[in-house]
Amino acid sequence: MANSAIDIPFYVAKDGSPLIESAGEMGFDSLQTIGGTDKIVSAPVISEIGGGWYKFSVAFGTAPFDEGDLVG
């Protein structure tokens, strides 16, 4: 059984000011295992929380976080 999803928040600033309305331009460049398996097709969506804060949700045990050797 997969674990419950958790949100991973992060803050983005540009020139000292919060970067807003940019979630559509954000994404993961790479999600690969140490063994070379490409997991990018299962990358979580990044959404804006507000004021320069963004998040993505993960549930360890579900793709792409279903392998312990994910190296980003």
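Tutor: A surface patch here is built from residues with over 30% relative accessible area and no salt bridge, joining like charges within 9 Å and nonpolar side chains (Val, Leu, Ile, Met, Phe, Trp, Tyr) within 5 Å. The model is predicted: local features need pLDDT of at least 70 and side-chain atom pairs 80 or more, while totals for chains, interfaces and linings use all residues. Numbering starts from 1 along each chain as its sequence is written, and side-chain values use heavy atoms, without hydrogens or water.

Student: Which strands does the protein have, and in what pattern?
Tutor: Happy to start there! The protein has zero helices and five strands (DSSP runs numbered from the N terminus: H or I of at least four residues for helices, E of at least two for strands). Along the sequence, the pattern is β-β-β-β-β.

Student: In what order do the three strands of the open sheet stand?
Tutor: Let's follow β5. Strand β1 (residues 6-11) runs antiparallel to β5 and is joined to β5 by six bridges, while β4 (residues 47-50) pairs with β5 in the antiparallel sense over three (pairing takes at least two DSSP bridges). The order of this open sheet is therefore β1-β5-β4.

Student: Which residue in the turn between β4 and β5 has a positive phi?
Tutor: β4 and β5 form a hairpin, with two residues between them. Before that turn, Glu-48 stands opposite Tyr-54 in β5. The phi of about 65° in the turn belongs to Gly-51.

Student: Which side chains of β5 are buried?
Tutor: Side chains alternate along β5. Trp-53, Lys-55 and Ser-57 point to one face and are not buried (buried is under 20% relative accessible area, exposed over 50%, partly exposed in between, with a 1.4 Å probe and protein chains only). Pointing to the other face, the buried ones are Tyr-54, Phe-56 and Val-58.

Student: Which residues make the nonpolar surface patch?
Tutor: Two of them face β5: Ile-8 stands opposite Phe-56, and Ile-6 stands opposite Val-58. Another sits in the segment after β5 (53-58), and is partly exposed at 45% relative accessible area. Together, the makers of this patch of about 250 Å² (Shrake-Rupley areas, 1.4 Å probe, only the protein chains shown counting as cover for residues) are Ile-6, Ile-8 and Phe-60.

Student: How many of the 72 residues, in percent, count as buried?
Tutor: Looking at the whole protein, about 4,800 Å² is exposed, with carbon and sulfur atoms supplying 53% of that area. Of the 72 residues, the buried share is 21%.

How values were computed
A salt bridge is a side-chain nitrogen of Lys or Arg within 4 Å of a carboxyl oxygen of Asp or Glu.
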